[in-house]
Amino acid sequence: MKTIVVSLLFLLSGAACAETPYPFYEHNKADSVSGQVVLQGGDSWNYVGQVKNGKPHGNGVKFVKGGMVQYGEWVDGEFKGEGAIYLPGPNGVLTAGTFNDTSITSESAVVIVQGEAYQGPYGNMGLPHGVGTCSKDSERKVCE
């Protein structure tokens, strides 16, 4: 009897029908959607965050088939502004800075590869360039 009463109270409270704060849309059917959503781009990517006219716009995170994760600011469907990209693989690279799509545009960034972190200037080839700070196992040192 207790189980029936608890189940009935649960259903009457509306908890069983609670609306998710992120409604789901397939990206090709979301042209007029704006707000906080989950978008699915076929079987190649998923996105959770703010959208405008069906495109990532504002803050959000995109999970790409193969394991790449892009987190940060989006403008009209493009990854632009401050954020981070994680690239899986044997080295597992995490890069944080300012981006335009997958290219880093900031003068300084943080990169973590195999547990070693680099913080410092970045060159126009998308690689650390110049004098920065390297850290591993709680030891910090100047590196170039």
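**Close-up 1. Aromatic pairs in the predicted model.** In this predicted model, three aromatic pairs are found in the structure. One of them is formed by Tyr47 and Trp74, whose rings stand edge-to-face, with 5.6 Å from centre to centre and 85° between the planes. Because Tyr47 belongs to strand β3 (residues 45–52) and Trp74 to strand β5 (residues 69–75), this pair ties together parts that are 27 residues apart in sequence. Tyr47 and Trp74 are buried. Another aromatic pair, made by Phe79 and Phe99, is tilted, with 5.3 Å from centre to centre and 35° between the planes. Here Phe79 lies in strand β6 (residues 78–87) and Phe99 in strand β7 (residues 93–100), so the pair ties together parts that are 20 residues apart in sequence. Phe79 and Phe99 are likewise both buried. Taken together, Tyr47, Trp74, Phe79 and Phe99 form one aromatic cluster.

**Close-up 2. A lysine charge over the ring of Trp45.** In this view the reader should look for the side chain of Lys62, the charged end of which sits over the ring of Trp45. The charged end of Lys62 is 4.6 Å from the centre of that ring.

**Close-up 3. Salt bridges between side chains.** As background for this view, side chains of opposite charge can pair when their charged atoms come close. A search of the whole structure for such contacts finds two salt bridges. In one, the side chains of Glu26 and Lys29 meet, with a distance of 3.6 Å from N to O. Glu26 has a relative accessible area of 35% and is therefore partly exposed, whereas Lys29, at 63% relative accessibility, counts as exposed. Another salt bridge is formed by Asp43 with Lys65, and here the closest N and O atoms are 3.9 Å apart. Since Asp43 lies in the loop between β2 (35–41) and β3, and Lys65 in the loop between β4 (55–64) and β5, the pair ties together parts that are 22 residues apart in sequence. Asp43 and Lys65 are both exposed.

**Close-up 4. The disulfide between Cys134 and Cys143.** For orientation, a disulfide is a covalent bond between the sulfur atoms of two cysteines. The structure holds one disulfide, and the cysteines that it joins are Cys134 and Cys143, with a distance of 2.0 Å from S to S. The torsion about the S-S bond of Cys134 and Cys143 is about 80°, and the disulfide is therefore right-handed. With a relative accessible area of 9%, Cys134 is buried, and Cys143, at 13% relative accessibility, also counts as buried.

**Close-up 5. Positive phi values in the loop between β11 and β12.** As a general rule to keep in mind here, most residues other than glycine have a negative phi. Asp137, which is not a glycine, nevertheless has a positive phi, near 50°. Asp137 is placed in the loop between β11 (132–136) and β12 (139–143), and because its relative accessibility is 70%, Asp137 counts as exposed. Ser138 is also not a glycine, and its phi is positive, at about 65°. Ser138 is found in the loop between β11 and β12, and with a relative accessibility of 80% this serine counts as exposed.

**Close-up 6. A nonpolar surface patch and the β6–β7 loop.** Tyr86, Leu94 and Ile112 make a nonpolar patch on the surface, with an area of about 220 Å². Of these residues, Leu94 lies in strand β7. What degree of exposure does Leu94 have at 33% relative accessibility? Leu94 counts as partly exposed, because this value falls between the limits of under 20% for buried and over 50% for exposed. The view also takes in Asn91, which has its place in the loop between β6 and β7 and counts as partly exposed at 38% relative accessibility. Although Asn91 and Ile112 are 21 residues apart in sequence, the distance between them in space is 9.2 Å, C-alpha to C-alpha. Ile112 therefore appears in this legend both as part of the nonpolar patch and as the partner of Asn91 in this C-alpha distance.

Methods. Residues numbered from 1 in each chain as written. Heavy atoms only, no water. Helix = DSSP H or I, 4+ residues; strand = E, 2+ residues; numbered from the N terminus. Buried < 20%, exposed > 50% of the residue type's maximum accessible area, 1.4 Å probe, protein only. Phe/Tyr/Trp six-rings, centres within 6.5 Å; stacked < 30°, edge-to-face > 60°. Lys NZ or Arg CZ within 6 Å of the ring centre and 35° of its normal. Patch = residues over 30% accessible without salt bridge, like charges linked within 9 Å, V, L, I, M, F, W, Y side chains within 5 Å. Areas by Shrake-Rupley, 256 points an atom, 1.4 Å probe, with all protein chains shown as cover. Salt bridge = Lys/Arg side-chain N within 4 Å of Asp/Glu carboxyl O. Disulfide = S-S within 2.5 Å.
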